Amino acid sequence: MLLLPCGRRGEEQAWTFYDRSGNNILAEDTSSGVGLARPYLPLNAPVALDSTTWPRGFAATFSTISVAWNTLWQPKMRLYALTSTVGTATGEVQVLVEGNPWGPVVTAGAAFDHTDVIPDVQLGRQFQIEVQARRLTGTGSIAAQVFMIYGRQT
């Protein structure tokens, strides 16, 4: 549904789109008069390419090495991360969404590239993403760095 409120001369007009459930899913930014107010579209932050500086884990069990909070605007998400080993270690990396495994467990050294639904999170609500690593053998650590993450349609 498109709303175009009529106003007196000099007032700003606004438009908003609602989904079938009544959620505001798209609106213009009337304060600045430029661009979108909703949805909030995140931009990826620059990250280091040097894997020796990436978040890393040393534990023999999965432990969280990085965490992010995001707002759900689309029902699916794509997450792309590179993983690495340091020293003689071998290990694995997994991603959790709201504390539950999301996507495959990958062997350290392989890329994590997964697209799927974000379960049990309502539109416009925040949800937590965790990257976890575990060392299986050797000495050293398991590292991972998220390079790309974005919401997708079904």
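Let's start at Thr83. Its side chain reaches the backbone nitrogen of Gly109 at 2.8 Å. The side chain of Thr83 also reaches the backbone oxygen of Ala110, at 2.5 Å. Keep in mind that this is a predicted model.

Where does Thr83 sit? It lies in strand E7, which covers residues 76-87.

Is Thr83 buried or exposed? Its relative accessibility is 8%. Buried means under 20%, so Thr83 counts as buried.

Now its surroundings. Set aside the neighbours within four places in sequence. Thr83 is then in contact with Trp54 and Val93. Val106, Thr107, Ala108, Gly109 and Ala110 are on the contact list too. Ala143 and Ala144 are also in contact with Thr83. Gly109 and Ala110 we have met already: their backbone atoms are the ones that the Thr83 side chain reaches.

Next, the largest pocket. It holds about 370 Å³ of space. The lining has 20 residues. Which of them are closest to the pocket's centre? They are Asn44, Ala68, Gln145, Val146 and Ile149.

Which strands supply at least two residues each to that lining? Strand E6, residues 63-71, is one of them. Strand E12, residues 126-137, is another. Strand E13, residues 140-152, is on the list as well. E13 gives the most, with six residues.

Last point: what is the lining made of? Nonpolar residues number 15. Four residues are polar, and one is charged.

To recap. Thr83 is buried in strand E7, with its side chain reaching backbone atoms of Gly109 and Ala110. And in the largest pocket, E13 gives the most to the lining.

Key:
Residues numbered from 1 in each chain as written. Predicted model: local features only at pLDDT ≥ 70, side-chain atom pairs only at ≥ 80, totals over all residues. Heavy atoms only, no water. 1 Å grid on protein atoms, 1.4 Å probe; cavity = no way out; pocket = protein on both sides within 12 Å on 5 of 7 lines; lining within 4 Å. Points joined across faces, edges and corners; volume = space filled by probe spheres on them. Helix = DSSP H or I, 4+ residues; strand = E, 2+ residues; numbered from the N terminus. Nonpolar A, V, L, I, M, F, W, Y, C, P; charged D, E, K, R; others polar. Buried < 20%, exposed > 50% of the residue type's maximum accessible area, 1.4 Å probe, protein only. Polar contact = N/O pair within 3.5 Å; in protein donor to acceptor, adjacent residues only side chain to side chain. Contact = heavy atoms within 4.5 Å.
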